[in-house]
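Dear colleague,

I am handing over the structure we spoke about, and below it you will find some notes on what turned up when I went through it. Please read them with the structure open beside you.

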Amino acid sequence: MIVLASTSASRRAMLTAAGVAHEALPAHVDEDAVKAAMGEVAPRDLADALAEMKAIKVSQRVPGTLVLGGDSVVAIEDGTLLDKPVDRADAERHLRMLSGKRHDLYSAAVIAENGRAVWRHVDRARLWVRPLSDAFIADYLDAEWPAISGCVGCYRVEGPGVQLFSRIEGSQYTILGMPLLQILDYLRTRGALTS
């Protein structure tokens, strides 16, 4: 059994579907304070740092257990970083910013044990959002809000969010929030999964 330092429904669903026994414990990390303290940093490094903080914080509470922390960061091709929308109006603003543009989604995973990181991996997916009409955005938010309120980029590719895209490169697991295949490989090397 591992501990997921998150209550993310998507991350929990991926682990459950993969047959990984886990318990979810929220990390309660102040992500805004972390981002402010880090200043200008590459999106990849930000995702990695947030995943590490979550894993270590929870790992300190459950010694001797492998704790998985994860985080995702969206970077639009112009360098703008997007976070989870704070409300429906913010989600609409995010979708307008993404419309007709490419963005990179970085999903980081860090495994900690006894309060220190013992493994990490950051993966990138590249996504092209087709031009979105005002009518499409309104209909999409009518259908998907508030379900996407916890989603960086305002989409669930496993649902209607797939309609936002003209092209996607990268692992669907990464887009869902974790580089799952690499996580499973590490868990096998640690004996947490049968190899």
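Two strands are taken to pair if DSSP finds at least two bridges between them. Please also keep in mind that this is a predicted model.

With that in hand, β5 and β6 form a hairpin that leaves 2 residues between them, and in the turn Asn114 has a positive phi of about 55 degrees. The two strands run antiparallel, with 12 bridges joining β5 to strand β6, which covers residues 116-129, and Arg116 in β6 is the bridge partner of Glu113. Strand β5 also pairs in the antiparallel sense with strand β3 (residues 67-76), here over 10 bridges, and Leu68 stands opposite Ile111 in β5. Strand β5 itself, residues 102-113, is mostly covered, since 11 of its 12 residues are buried.

Turning to the interior, the largest nonpolar core has 42 residues, and those with the most contacts inside it are Leu15, Leu68, Leu95, Tyr140, Tyr155, Leu164 and Leu187. Helix α7, which spans residues 180-189, supplies the largest share of this core, namely 5 residues. A second core of 21 residues is separate from it and includes Val3, Ala27, Leu50 and Val62.

If you would like one residue to begin with, which residues is Leu95 in contact with, leaving aside its neighbours within four places in sequence? They are Leu132, Ile137, Tyr140, Leu141, Gly153, Cys154 and Leu164.

With best wishes

Terms used:
Residues numbered from 1 in each chain as written. Predicted model: local features only at pLDDT ≥ 70, side-chain atom pairs only at ≥ 80, totals over all residues. Heavy atoms only, no water. Core = buried A, V, L, I, M, F, W, Y, C linked by side-chain atoms within 4.5 Å. Buried < 20%, exposed > 50% of the residue type's maximum accessible area, 1.4 Å probe, protein only. Helix = DSSP H or I, 4+ residues; strand = E, 2+ residues; numbered from the N terminus. Contact = heavy atoms within 4.5 Å.
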